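This report is meant to be read with the sequence and the model side by side. Please keep both in view while following the text.

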Amino acid sequence: MKETTSKEKMLKKIRKALLEKRDNPYPNLEDTSVYEPYTDYLDVLFAEQLSLVAGKFIFCEDELQFVENLLLLADEKGWRKIYCWEPPLQKVLEHFEFPFYSTDTDFIAQAEVGITLCESLVARNGSVIVSNGNAAGRRLSIYPHCHIVVAYTSQLVLDLKDSFKLLKTKYDADLPSMISAVTGPSRTADIEKTLVLGAHGPKELIVFLLEG
C-alpha cells in the first residue's frame, strides 16, 4: 500500500474544507470599525496627518484666496512652468489671470508644477484620492516636481472606505481604471536606509482646501 505523503494529506484537508459548507464566522466584520470613533473636525485631522507625511496644507475661504496664495508660492519658489488640464480649474485661474500651460507641449521635460482636482481627501491618514476619471489623467499628478491639489470641504471623508463610497456614487459601475491614494510626497528608503523624497514622483505635495 502506497504511503500518503505530507503534501497529499494537506491537499486532502483542503479539498475537504472546500466541500464543507460553513457559516461565516465573522458575519459583521465589514461593518466593524478598526478605529476609535472620531467626531471632531475632519479638516483639522486631515491637516495634522498630511503634515506628518511631509505634505503642506493651506485652507482658503474662497477661490480668490486660493489664487492669492498660489501667486505668493509661485513668486517664492520661482515657478514658471505650471500645468493645469482640468476645465473647472482652468476657468478659475483664467478668471484671476493666473498664467498656466493648458497643453502638454514639452510637459515631461519642463513641467515644474501640476495642479489637479481630486476625488476626495481621507482625513484619517492625510491621503489624497486621485483618479484618471478627470481631465488631468494619469500624468499630471506624477511627473512635475510639485503636485498641487485643489479640494473642497465637501470632499473630506474620515476613512478610505468612505472615499470609495463617493467614487461609487459618482461613477457607479464605470469606475476609473486608475485610482490612487497619494499620502505625502513620493519617498523611498531603499538606498542605504536613508529617506529620500521625490525618488519616483513629486518632491512636494500641497493641498489647498476651499470652502464648498
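In what order do the five strands of the open sheet lie? In this predicted model, the order is β1-β11-β6-β3-β2, and the pairing is parallel. The edges of the sheet are formed by β1 and by β2 (82-84), each of which pairs on one side only. From one strand to the next, the twist averages 20°.

**The strands and their pairing**

As background, strands of a sheet pair through backbone hydrogen bonds, and they may do so in a parallel or an antiparallel way. Strand β11 (residues 204-210) runs parallel to β6 and is joined to it by seven bridges. Within this pairing, valine 150 has phenylalanine 208 of β11 as its bridge partner, and tyrosine 152 stands opposite leucine 210 of β11. Strand β1 (residues 56-60) also pairs with β11 in the parallel sense, here over five bridges. Two positions allow this pairing to be followed in the model: lysine 56 stands opposite isoleucine 206 of β11, while phenylalanine 59 has leucine 209 of β11 as its bridge partner.

Strand β3 (residues 113-116) runs parallel to β6 and is joined to it by four bridges. In β6, histidine 147 is the residue that stands opposite glycine 114.

How much of strand β11 is buried? Six of its seven residues are buried, so β11 is largely enclosed by the rest of the structure. Strand β6 (residues 146-152) is mostly covered, with six of its seven residues buried.

**Helices on the sheet**

Helix α2 (residues 42-52) packs on the sheet, where it touches β1 and β11, and its direction makes about 150° with that of β1. Helix α3, in turn, lies across β1, β2, β3, β6 and β11, and it runs at about 160° to β11.

**Salt bridges**

Side chains of opposite charge can pair when their charged atoms come close. A search of the whole structure finds four salt bridges, and the table lists three pairs, including the N to O distance for each.

| Acidic residue | Basic residue | N to O distance |
|---|---|---|
| Glutamate 204 | Lysine 77 | 3.2 Å |
| Aspartate 104 | Arginine 139 | 3.3 Å |
| Glutamate 119 | Lysine 170 | 3.1 Å |

The side chains of glutamate 204 and lysine 77 meet in a salt bridge. Because glutamate 204 lies in strand β11 and lysine 77 in helix α3 (residues 63-77), this pair ties together parts that are 127 residues apart in sequence. Glutamate 204 counts as partly exposed, at 23% relative accessibility, and lysine 77 also counts as partly exposed, at 33%.

The side chains of aspartate 104 and arginine 139 likewise meet in a salt bridge. This pair links distant parts of the chain, 35 residues apart, with aspartate 104 in the loop between α4 (87-95) and α5 (107-110) and arginine 139 in the loop between β5 (127-131) and β6. Aspartate 104 is partly exposed, with a relative accessible area of 43%, and arginine 139 counts as partly exposed at 31% relative accessibility.

Lysine 170 forms a salt bridge with glutamate 119. Lysine 170 lies in helix α6 (residues 160-171) and glutamate 119 in the loop between β3 and β4 (120-122), so the pair ties together parts that are 51 residues apart in sequence. Is glutamate 119 buried or exposed? At 7% relative accessibility, glutamate 119 counts as buried, because buried means under 20% relative accessible area. Its partner, lysine 170, counts as partly exposed at 48% relative accessibility.

**A nonpolar patch on the surface**

Which residues make the nonpolar surface patch of about 390 Å²? The patch is made by Met10, Leu11, Ile14 and Leu18. Leucine 11 lies in helix α1 (residues 6-19). With a relative accessible area of 35%, leucine 11 is partly exposed.

Notes:
Residues numbered from 1 in each chain as written. Predicted model: local features only at pLDDT ≥ 70, side-chain atom pairs only at ≥ 80, totals over all residues. Heavy atoms only, no water. Patch = residues over 30% accessible without salt bridge, like charges linked within 9 Å, V, L, I, M, F, W, Y side chains within 5 Å. Areas by Shrake-Rupley, 256 points an atom, 1.4 Å probe, with all protein chains shown as cover. Buried < 20%, exposed > 50% of the residue type's maximum accessible area, 1.4 Å probe, protein only. Pairing = 2+ DSSP bridges. Axes fitted to C-alpha atoms, helices over the stretch in contact; angles between N-to-C directions. Contact = heavy atoms within 4.5 Å.
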